[in-house]
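Here's a quick briefing to read alongside the coordinates. Grab a viewer and follow the topics in order.

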Amino acid sequence: MTEVLRRYGPVLTTVILLAVAVWIVGLVVLPQVLMVDFSFRPMLPPAKIGGPEDVYTLKNYATLWTNEVHRAIFVKTIWASALVTAVTFAVCYPIAFYMAQVAPRRRLPMLVLMLVVPFWINELLRTFAWYIILAYSGPLNILLVALGIFTEPQRLSGGDVGVIVGMVYVYILFMVFPIYNALESLDRHQIEAARDLGAGWLRIHRRIAIPHAKPGIAVGCIMTFMLAAGSYAVPALLGGPQSRWFTEVIYNWFFEGGNWNQGAAYAFILLVLCVGFILLMMKLFRVGLTDIAK
Amino acid sequence: MSRDVQLDRVTMRFGSLTAVRDVSLSIGAGEFFSFLGPSGCGKTTLLRMISGFMEPTEGVVRIGGQDMRGIGPNKRPTALIFQNLALFPLMTVAENIGFGLEVRGIPSSRRKARVEELLDLVALPGTGEKKVTDLSGGQRQRIAIARALAVEPSVLLLDEPLSALDLKLRQHMRAELRAIQRRTGVTFIYITHDQGEALTMSDRIGVMRAGVLEQVADGQTLYDHPATAFVAGFVGETNRFTGTVAETADGMAALDTPAGRLLGRNPRGLGVGDRAALFIRPERLAVDGDGPNRLTARVSHRDFEGSFVNAFLTGPTGTLMVQIPHRGQSDPPLVPDTDATLTFRPQDAVALPWEGE
Amino acid sequence: MTAAGVRRFLTRTYLVLFFGYLFVPLGIMGAAAFNTSRFPTVTPWTGFTLQWFPALFADQRLWQALGTSLIVAAGVIAVAVPLGLAGALLLNRLHSRARTFLYAVMVSPLLTPGVIVGISTLVFWRQWFGVSGGIFLTVVAQASFIAAYAMLLFLARLQRFDPSLEEAALDLGASHGQVFRRITLPYLMPSVLSSALLAFLQSFENYNTTLFVRGLETTLTIYIASKVRTGLTPAVNALSLILIGLTIIGAVVYEIMRRREAKA
């Protein structure tokens, strides 16, 4: 801290510390803490707040256990997000590997740009594109019927399948870049040396590339899972009443059920789920927090 | 106006590490003073305490008699030339030189005149509008000097500013720095690990080792009368014989060494039985001379350097170096793989306390 | 075919499929903007028209939503860029544990689902200050995580900064404020611009967080989502097409700035 003071002087140091305090205390930490505090209190009319009934309770958390519909939605959100993460990884790993290890260097700037541009396009618009594709009379149905896979058009959107297909498309780039960045630092000669020593294609990936890309894979999986589990736009556009997402349940508590305490409890459960996934990934890939937060 | 710098029992500790230990020193106004020592000896820390980037853990720095405690680098009458020069890359040459004046609120017309004056001083007139990134190494060096002098410091601090230059330019800049110092009369405090730089430019030199100031003297005194074994070994080439003091008399000491009993001056008052080392310069060793100090060694090779010859011999204490002026036919015959007898006068050798390395 | 030939063929096929997968859906959506069909689709193609563009421009609520989005984005830039800058300046001068801890807290909103950022902001401000959803809360909620993006950009540039430049200026007599204004800030200027652009793009496209803190306000993203669910016409495609075009320009500019900065 003395070094900060020496470097920036008393006035600037005060301004910097104030700004950082406003940011991390006022905008990040306190809102989270208050949300958690709120989630452990019962919903009361304003007159009773602070009164004898305003005590800490687990009631809002018990709701998830007793409400079978909500519980089923929660469980589905978990496995569907995990599935999205897995599929996204399978689709992305080859392109990341190709860019980092195979592609001629002069072609890289163009390839990166081709990935960056769709990355910047609004999540909602990318979801909307699939809304059109998956429509009952949309191009995918026509293609599948023409190919003889379906005998007649099927309802593709409005269910869990549509949501999952859309999510893979929308979050794919959050997986590509971390893995690409990690693989980029792998010396291309290592792969050549391994091949030279007679290592097969599968072994090269299993023993050299994937271990090297671990931190990138962990970050990609964490981001994708977090975005999928916390997504509202995709299930809202591509799902239907029968395929609700946990975020939609939370939204309803807030703006239709009018029970914010209940909604805050569900939001905290979602947060715990995501933190749990981060910890799981860190353990699974044996990476530290500093590797992830890069 | 040039001012003197006083260090009064200055100590700097970083945690358990003591970077500078109890240094007291007085540097006169208008003096060219150098701190000489190997890297990590604490000389840069000392410089940063004088310039105000660090506060000593103990002790006081005074400039022109004024206590500098609590006074930041921007309020001190010092200017520092950084090792990497630290020229502002986004500013032109003139903006760099004028920066110190600009932040003091000097109007641009006066600033401009002063910048021109300084560009003349460092022999780079008309380069004011150039970008600093377009200059050569030597030119950047001069701009850094001009920028520091622009604020008319009482003390100019230089942190190995020549280390990035090639040999020829470095030698040229030594003369130039010395000339600028004479012309401006500003106190120069120069830091270097290069004894050649220190010896050629400075009025006085402070030799440092492991945070301790070992000796302060002019170059010739350091060379001829080193106060410690470290100074004897660090400044100039030397031959060393370690052993035990056998006799002392009349300011002289006799040491028992693997090369036999050797005699030298005893400025530190060594007593019988003390561990000591005897130092003798390569050019003070003679071949086949007279006197009490005699030793035999085998010639391994010789390097012809033009005006002199360096011969390397293997003796009972390891490699010995002998420097002989080259005078043509009369050069002593040091033929490789033959034995030679070396002698030296006791008053040319110095015995100093030795703790071993 | 040789083994290398097979591998090359498979690689090419994969690349074509991957980038096809990435771009064809966007192409279909864009194409639907020119179809005369009342419902946005390319199948069946009922005829080419430009009618959906004028229909779009006549939509008053759309312009209002755009205005709201721009105000929010401007607010986010004004809040997030300085906060990110302050965070980076502090982190750059800290070491070891304090740095790791602060860093983790600062980037934590990036690892938190957007809906939770929105919910926590909403609950906190209503409970403590009685403020309900609206433009103000939208700016606050978005800035809390966009500031982390700005911080990362500033930190990356500061790590290449030579601190002896600041020391040199200080040594020449500049006050701390003058050093910051004349030396540090000019060096960071490219990052100020790129983080402002990043903040704008992030704010403009935000949906999940905005949904909870918007109150009665409607940003463009919220408006598009509501149009898709109720009252969908190819005018939405026309709007999407325009936004994609603008985004591509923005993304290319951002990418060029980033690359130039990385070189400098």
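Two residues count as being in contact when their C-beta atoms, placed from the backbone, lie within 7 Å. Keep that in mind for the packing below, and remember that this is a predicted model.

**Helix H7 of chain C**
- Helix H7 of chain C spans residues 163-171 and is mostly covered, with 7 of its 9 residues buried.
- Those buried residues are Leu165(C), Glu166(C), Glu167(C), Ala168(C), Ala169(C), Leu170(C) and Asp171(C).
- What do the buried residues of H7(C) pack against? From chain A there's helix H1 (2-39); chain B brings helix H1 (43-51), strand E6 (78-81) and helix H2 (93-102); and chain C itself adds helix H8 (176-205).
- Just past H7(C), Gly173(C) adopts a positive phi of about 105°.

**Where chain B meets chain C**
- Chain B puts 16 residues into the contact, and chain C puts in 16 residues.
- On the chain B side, E6 and H2 are the elements that give two or more residues.
- That side of chain B breaks down into 11 nonpolar, 4 polar and 1 charged.

**Domains and sheet in chain B**
- Chain B splits into domain 1 (5-224) and domain 2 (237-353).
- Going by C-alpha atoms, the centres of domain 1 and domain 2 of chain B are 39 Å apart.
- Chain B also has an open sheet of 5 strands, paired antiparallel in the order E15-E19-E16-E17-E18.
- Strand E15 (286-287) and strand E18 (318-325) of chain B sit at the edges with a single partner strand each, so one side of each has no neighbour in the sheet.
- Further in, strand E16 (residues 293-304) and strand E19 (residues 339-344) of chain B run antiparallel and are joined by 6 bridges.
- Arg294(B) has Thr343(B), in E19(B), as its bridge partner.

**The largest nonpolar core**
- In soluble globular proteins, nonpolar side chains tend to be buried together.
- Here the largest nonpolar core holds 277 residues, and the ones touching the most other members are Ala96(A), Val176(A), Ile179(A), Ala267(A), Ala80(C) and Ala150(C).
- Helix H7 (residues 160-184) of chain A supplies the largest share of this core, at 18 residues.
- Both domain 1 (5-224) and domain 2 (237-353) of chain B chip in, with at least three residues from each.
- Leaving out residues up to four places away in sequence, Ile179(A) touches Cys92(A), Tyr93(A), Ala96(A), Ala213(A), Gly216(A), Ile217(A) and Gly220(A).

Conventions
Residues numbered from 1 in each chain as written. Chains lettered and ligands numbered in written order. Predicted model: local features only at pLDDT ≥ 70, side-chain atom pairs only at ≥ 80, totals over all residues. Buried ≥ 20, exposed ≤ 12 C-beta atoms within 10 Å, placed from the backbone. Helix = DSSP H or I, 4+ residues; strand = E, 2+ residues; numbered from the N terminus. Pairing = 2+ DSSP bridges. Domains from an automatic or database assignment. Nonpolar A, V, L, I, M, F, W, Y, C, P; charged D, E, K, R; others polar. Core = buried A, V, L, I, M, F, W, Y, C linked by C-beta atoms within 7 Å.
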